[in-house]
Structures are given as structure tokens and as C-alpha cells.
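Me: I'm new to this one and would like to go through it step by step. Could you show it to me first?

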Amino acid sequence: MLYEERKFDADMEILDVSIKAIRVQLLALPAGFALKHSVILDIVLTMGARPIIINTAAEVFRIDEVNRRFEVVFMFDLHAE
């Protein structure tokens, strides 16, 4: 994830993914991270023998704290590019 043009390097676990959103779990959030902020997501999904790589702009839609971890939902629009 790129936040404010800086790579936020943290262990993220994908909890749910669709064609419009992704929900991930993190142990920590970057300083100042809040709803409606823009990020760039670099997602690598391994399905079968060939990985699917998605790079897209996204917006923070929801942030929840669950069992000392953060669940964040990002909304995005996929396009052919």
C-alpha cells in the first residue's frame, strides 16, 4: 500500500475481496490514516499457477478495530488499464 506517496510496509491479511472493494487486516495503521484518504493498492492474488497482479487507486471506506487489529475496507474502480 502506498499512502501519501510512501510505501507502508506491513503484514496485511486479505479477509475479503470483490470487484469494487477489499477488506484487509493489519496490526498497525500509518499516522494520520483516516476515512476518505486515497491510497494506491498493490495486490497480488495467487490462483492456480499464475498470480494476478492488481495496482489501483483506492479510498479508505471503513476502519474497525477488532481484537487489537485493524480491519480496513478500501473501495476502488477497476478498469482495463
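Me: What radius of gyration does the protein chain have, next to that of a compact globule?
Reply: Keep in mind that this is a predicted model. For 81 residues, a compact globule would come out near 12 Å, so the value for the protein chain agrees with that. Along the principal axes, the C-alpha atoms fill a box of roughly 35 × 25 × 20 Å. The radius of gyration asked for is 13 Å.

Me: How many helices and how many strands does the protein chain have?
Reply: Reading along the sequence gives the pattern β-β-β-β-β-β-β. That fits the count for the protein chain: zero helices and seven strands.

Me: In what order do the strands sit in the open sheet?
Reply: The pairing is antiparallel. The edge strands, each pairing on one side only, are β2 (6-7) and β3 (12-17). Those two sit at the ends of the order, which is β2-β1-β5-β6-β7-β4-β3.

Me: How many bridges join β6 to β7?
Reply: Strand β6 covers residues 50-66 and β7 covers residues 69-76, and they run antiparallel. The two form a hairpin with two residues between them. One spot to look at is Val60, which stands opposite Phe74 in β7. The number of bridges joining β6 to β7 is eight.

Me: And which residue of β7 does Ile22 stand opposite?
Reply: Strand β4 (residues 21-26) also runs antiparallel to β7, with six bridges joining them. Val60 stands opposite Phe74, and Ile22 has that partner too: Phe74.

Me: What is the phi of Asn67 in the turn?
Reply: Most residues other than glycine have a negative phi. Asn67 sits in the loop between β6 and β7, and its phi is positive. The value is about 50°.

Me: Is Asn67 buried or exposed?
Reply: The cut-off for exposed is over 50% relative accessible area. Asn67 has 68%, so it counts as exposed. As for its surroundings, its C-alpha atom is separated by 9.9 Å from that of Leu27, 40 residues apart along the chain. The word for Asn67, then, is exposed.

Me: What is the relative accessible area of Arg68?
Reply: Arg68 is found in the loop between β6 and β7. Although Arg68 is not a glycine, it has a positive phi of about 65°. Arg68 is exposed, and its relative accessible area is 77%.

Me: Where is Glu5, a residue with a positive phi near 65°?
Reply: Glu5 is a residue other than glycine, yet its phi is positive. Its relative accessibility is 82%, so Glu5 counts as exposed. Its place is in the loop between β1 (2-3) and β2.

Me: Which residues does Thr56 touch, leaving out those up to four places away in sequence?
Reply: Thr56 lies in strand β6. Its relative accessibility is 7%, so Thr56 counts as buried. The residues touched are Val39, Ile40, Leu41, Phe76, Asp77 and Leu78.

Me: What share of the 81 residues is buried?
Reply: Thr56 is one example of a residue that counts as buried. On the outside, the protein chain exposes about 6,000 Å², with carbon and sulfur atoms supplying 51% of it. The buried share of the residues is 27%.

Me: How far apart are the mean positions of the positive and negative charges?
Reply: The protein chain has 9 positive and 13 negative charges. Taking the mean position of each group, the two are apart by 3 Å.

Key:
Residues are numbered from 1 along each chain as its sequence is written. This is a predicted model: local features need pLDDT of at least 70, side-chain atom pairs count only at pLDDT 80 or more; totals for chains, interfaces and linings use all residues. Side-chain values use heavy atoms; hydrogens and water are left out. Two strands pair if DSSP finds at least two bridges between them. Helices (H or I, at least four residues) and strands (E, at least two) are DSSP runs, numbered from the N terminus. The radius of gyration is taken over C-alpha atoms; the globule rule is 2.2 Å times the number of residues to the power 0.38. Buried means under 20% relative accessible area, exposed over 50%, partly exposed in between (1.4 Å probe, protein chains only). Accessible areas come from the Shrake-Rupley method with a 1.4 Å probe; for residues, only the protein chains shown count as cover. Lys and Arg count as positive and Asp and Glu as negative; His and the chain ends are not counted. The place of a charge is taken as NZ of Lys, CZ of Arg, CG of Asp or CD of Glu. Contact means heavy atoms within 4.5 Å.
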